[in-house]
Amino acid sequence: MQIAILGYGTVGGGVYRFAQAREDLSVRYVLDLRPCEDVQCKVTKDFNEILADNAVETVVETMGGLHPAYEYVTAALKAGKNVVTANKNLIAAYYRELVALANEHGVALRCTAAAGGGIPWLVNIERARKQEKIISLGGIMNGTTNFILDTMHHHGGSFEDALAEAQRLGYAEADPTSDLSGGDIRRKLVISSNIAYDCVIEEDDLDVWGIEHLTTQDIEACKKMKRVCKLIATSHLLEDGVAAYIEPVFLPMSVPEASVPSNFNLISMTGEYIGEQSFYGQGAGRFPTAYNVVQDCLDIAQGKKTFYTEHLTAAKVDNSSIRRKYYVRSNGVDKWLQLHIDKLLDKGIITEEVSVSEIHAWARARREIDPDCFIASLR
Ligand code: HSE
């Protein structure tokens, strides 16, 4: 199968290397604005050249970002070319439109690397769904934040030092804000949930709390409770919609997520009859991510045309029925917090059980008065 790679960066370069070593994939073009002296195929800056070339069956989008990735991918689908993308921003934002476009034009659209990086996560959701009703999913889906939390727990040091090390090692996004604030993991949860529950939920509807204001004091409070802090994505299928949220969680040491080291991911789904299945591995990086991109190309070459979702039914997100206790650190106690205190700590409080939607709404408002406040649920 002849492919064109859009973006010769970390992942695109990995795909090129893998494809060079195979007889069933041939790279006809690389599109990049930078010089790509080491490639042996045509290098172009003009996407129209690729679009007009009927020999290109599959466009591999590894540019990242929303634009021009969106314009290139939609044009490729309309021109009858399959698309493989690793771009979670694009898929989370335009899922419904892109899937519909691929169906309309009878081409494949695959995005296994967009959630889970090198882990065969989305393809296993797709596989499980053929037989099972998936009722919940989630876990550790961001390597940068796991690296920071793991480093602070086990080696001490400040948040800033751990972030600088994660950036030095290349785990973080170009702008780490989306890793730290939960934007990156939110996109992965949206994509996974849409595929698992055969629905469409919107990014903006999720409750999201990141770790950007985490301090060593919070880690110490967590350790005193003999727990481990992780940034966890969670979604559940409800009778009428989906519960979906991202938040730091103080986990007991006994659960598998508590032991996930460095920048690794651990993602699980629970099916009605199979129970829990977990997937562990590298959620980012050149070759792990390129591995899943190439697997998607091979699936297409073997005739796998369908994308994961059939019905594209909009589903509402409602986190009001999920109740948990929370660790809260804020500079003072307001009326709402006062009403829900279960236990006072040295420098924080534990709430009684409150609903996820209620405490997230409170924390978002509290942030206006106390920008550094921090919440984490207890499981
Ligand atoms: N910055 C992301 C992470 C990369 O740390 O997991 C993969 O999406």
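**Exercise 1.** Determine how helix 1 and helix 11 are oriented to each other in this predicted model.

*Solution.* The axes of helix 1 (residues 10-20) and helix 11 (residues 286-301) come within 8 Å and cross at roughly 60°. Axes are lines fitted to C-alpha atoms over the stretch in contact, with angles from 0 to 180 degrees between N-to-C directions; helices are DSSP runs (H or I, at least four residues) numbered from the N terminus. Angles under 35 degrees count as roughly parallel, over 145 as roughly antiparallel, 65 to 115 as roughly perpendicular and the rest as oblique. Helix 1 and helix 11 are therefore oblique.

Residues are numbered from 1 along each chain as its sequence is written. Local features need pLDDT of at least 70, side-chain atom pairs count only at pLDDT 80 or more, totals for chains, interfaces and linings use all residues, and side-chain values use heavy atoms, without hydrogens and water.

**Exercise 2.** Establish the orientation of helix 6 and helix 7, and the residues that join them.

*Solution.* The axes of helix 6 (residues 143-155) and helix 7 (residues 159-168) come within 9 Å and cross at roughly 135°. Helix 6 is therefore oblique to helix 7. Thr144, Phe147, Ile148, Thr151 and Met152 of helix 6 are in contact (heavy atoms within 4.5 Å) with Phe159, Ala162, Leu163, Glu165 and Ala166 of helix 7.

**Exercise 3.** Identify polar contacts of the ligand with threonine 144, tyrosine 171 and lysine 188.

*Solution.* A polar contact is a pair of N or O atoms within 3.5 Å. A side-chain N or O atom of threonine 144 is 2.6 Å from a ligand oxygen. For lysine 188, a polar side-chain atom lies 2.9 Å from an oxygen atom of the ligand. A polar backbone atom of tyrosine 171 is 3.1 Å from a ligand nitrogen.

How values were computed:
Helix = DSSP H or I, 4+ residues; strand = E, 2+ residues; numbered from the N terminus. Polar contact = N/O pair within 3.5 Å; in protein donor to acceptor, adjacent residues only side chain to side chain.
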